[in-house]
Amino acid sequence: MFCRWSKSAFLLAFAQNRGFQLRSQDLNLLVIFDAIMTEGAITRAAARLNITQPAVSNAVGRMREIWKDDLFIKDGRNITPTLFAQNLWAQVKAPLEEIDDAINPKGFDPSTSHRTFRIAATDLMVDLAWADLRRRLEQDAPNVSVQTLPYTIANGEAVLNRASVDVLIGANDLMPPMKTSALLVDLEYVCVMNPAHELANGDLTLERFVAADHLLVSLSGDVRGYTDMVLAEHGLQRRVAMTINNFASAAKVLQESNLVCVLPSVTVKPHVASDTLTSRPLPIPVPGPKLSLFWHKRSDREPGNIWLRGLLKELFRST
C-alpha cells in the first residue's frame, strides 16, 4: 500500500496530532501496522510491504513497547487484533489512505474510495439535488462522504482559494468570472403566496404586485434583490416587509402570513402541488439566476474532483 520511506513528514504530523511519541525512525511503524491490519497476517504484511518477515516482527515488538499493548494475538496462521489495535486502526486507516492518495495520485474509483468531499452550497441547492446525490452515493460510492458547507456571497471565492471546499455551487452573477466553472441549471422566477392571499386570484398586474408586502430571501442580508433592480429600471419600488437568509424557511413564512415572495419555481413545486402555496407568473420579466458549479484551477484535472463534478452536473440536469 505504501512506499516504506516516502511519508515521514505526513506521518510525523499525524502522529503528533494523535499524541503518539514517535521518533522519526519509528514513523513507518504506522505503515507496517496498517499493512498487518489489512492483511491479517505477519507474512502477508511483509509481502505487501516488500520487506522480510523478521523485519515486520521486530516492528511489532517496537509497537508493543511504544503503545504498551499486545496489539496482535496469534490465531493459527493468522492474528487477531486486540481492542486497542482495532480502535487505533479505526483512527489511522482513513488518514493513511488520504496521505497515500496525496503522494501517489492515481485514478479515482468511487466504488472503493473512502474520500470525503466538501461542497459549498445554499439550502436551495441542497433541496434541489442532495436527496438524489445521497441515493447515487449509496448506489455507486458507498464509502464516499459529503460535507456541505454554508455558502454566502461573501465567502464564495475565498473558500475555493483556501481549499476549504472541493467545489462550490452558486449564482453566476455573484461569483467572479472563472474558467473553471460549468452551468448547472437556469432557474425561473415566480410569485409565491398563501392560497388565501388576494393576489392568488384575478389578474396579477404590476400595480398589484408592487403594492403587496414582500418577503425577500437574501443570503447577504441586502434588502435589494433581482426583482428590485428590474423594478427600479421602470421607476418602481416594492416594499420588502421581511428578509430571511435561507430558502427553507420561505414556505412556512408564506403559508402563515400575507406576504408574497419571488422564488425559483423549482423550490415551491411540492407546496404548490399540495395546495399549501400558490404560484403566479410575474407581471414583469425578472431573469432567474443561473446556477453554476465552480472549482479551483488546481483541481481541474484531479480525478476525484472530475468525478464529483460530473455527478453533480448529471443530477442538476434532471431537476
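Cys 261 has 1% relative accessibility and therefore counts as buried, where buried means under 20% relative accessible area, exposed means over 50%, and partly exposed lies in between (1.4 Å probe, protein chains only). The model is predicted, so local features need pLDDT of at least 70 and side-chain atom pairs count only at pLDDT 80 or more, while totals for chains, interfaces and linings use all residues. Residues are numbered from 1 along each chain as its sequence is written, and side-chain values use heavy atoms, with hydrogens and water left out.

**The chain as a whole**

- The protein chain has 12 helices and 12 strands; helices (H or I, at least four residues) and strands (E, at least two) are DSSP runs, numbered from the N terminus.
- Of the 319 residues in the protein chain, 43% are buried.
- About 16,700 Å² of the protein chain is exposed, and carbon and sulfur atoms supply 51% of that area; accessible areas come from the Shrake-Rupley method with a 1.4 Å probe, and for residues only the protein chains shown count as cover.
- Contacts (heavy atoms within 4.5 Å) between residues at least 6 apart in sequence join residues at least 24 apart in 72% of cases.

**Cysteines**

- The whole structure contains 0 disulfides, a disulfide being a pair of cysteine sulfur atoms within 2.5 Å.
- Cys 191 is in no disulfide, and the nearest cysteine sulfur, that of Cys 261, is 8.1 Å away.
- For Cys 261, likewise in no disulfide, the nearest cysteine sulfur is that of Cys 191.
- Cys 191 counts as buried because its relative accessibility is 0%.

**The open sheet of 5 strands**

- Strands of a sheet pair through backbone hydrogen bonds, either parallel or antiparallel.
- One open sheet has 5 strands in the order β9-β8-β10-β7-β11, with mixed pairing; two strands pair if DSSP finds at least two bridges between them.
- At the edges stand β9 (239–244) and β11 (278–280), each with a single partner strand, so one side of each has no neighbour in the sheet.
- From one strand to the next, the twist averages 35 degrees; axes are lines fitted to C-alpha atoms, for helices over the stretch in contact, and angles run from 0 to 180 degrees between N-to-C directions.
- Strand β7 (residues 189–193) runs antiparallel to β11 and is joined to it by 3 bridges.
- Val 192 has Ser 279 in β11 as its bridge partner.
- Strand β8 (residues 213–217) is mostly covered, with 4 of its 5 residues buried.
- β8 and β9 run parallel and are joined by 5 bridges.
- Leu 216 has Thr 243 in β9 as its bridge partner.

**Strand β12 and its partners**

- Strand β12 (residues 290–294) is largely enclosed by the rest of the structure, because 4 of its 5 residues are buried.
- Strand β5 (residues 167–171) runs antiparallel to β12, with 4 bridges joining the two.
- Strand β6 (residues 181–186) also runs antiparallel to β12, with 5 bridges joining the two.
- Leu 291 in β12 stands opposite Ala 171 and also opposite Val 185.

**Helix α3**

- Helix α3 (residues 42–49) has Ile 42, Ala 45, Ala 46 and Leu 49 as its buried residues.
- These buried residues are on the same side of α3, because they cover an arc of only 100 degrees around the axis; the arc is that of the directions from the helix axis to the C-beta atoms.
- The helices α2 (28–39) and α4 (53–67) are what the buried residues of α3 pack against.
- Asn 50 follows α3 and has a positive phi, near 60 degrees.

**Two further buried residues**

- Thr 122 lies in the loop between β3 (116–121) and α6 (123–140).
- With 4% relative accessibility, Thr 122 counts as buried.
- Leaving aside residues up to four places away in sequence, Thr 122 touches Tyr 151 and Leu 219.
- Leu 96 is in helix α5 (residues 83–103) and counts as buried at 2% relative accessibility.
- From C-alpha to C-alpha, Leu 96 and Val 31 are 7.9 Å apart in space, although 65 residues apart in sequence.
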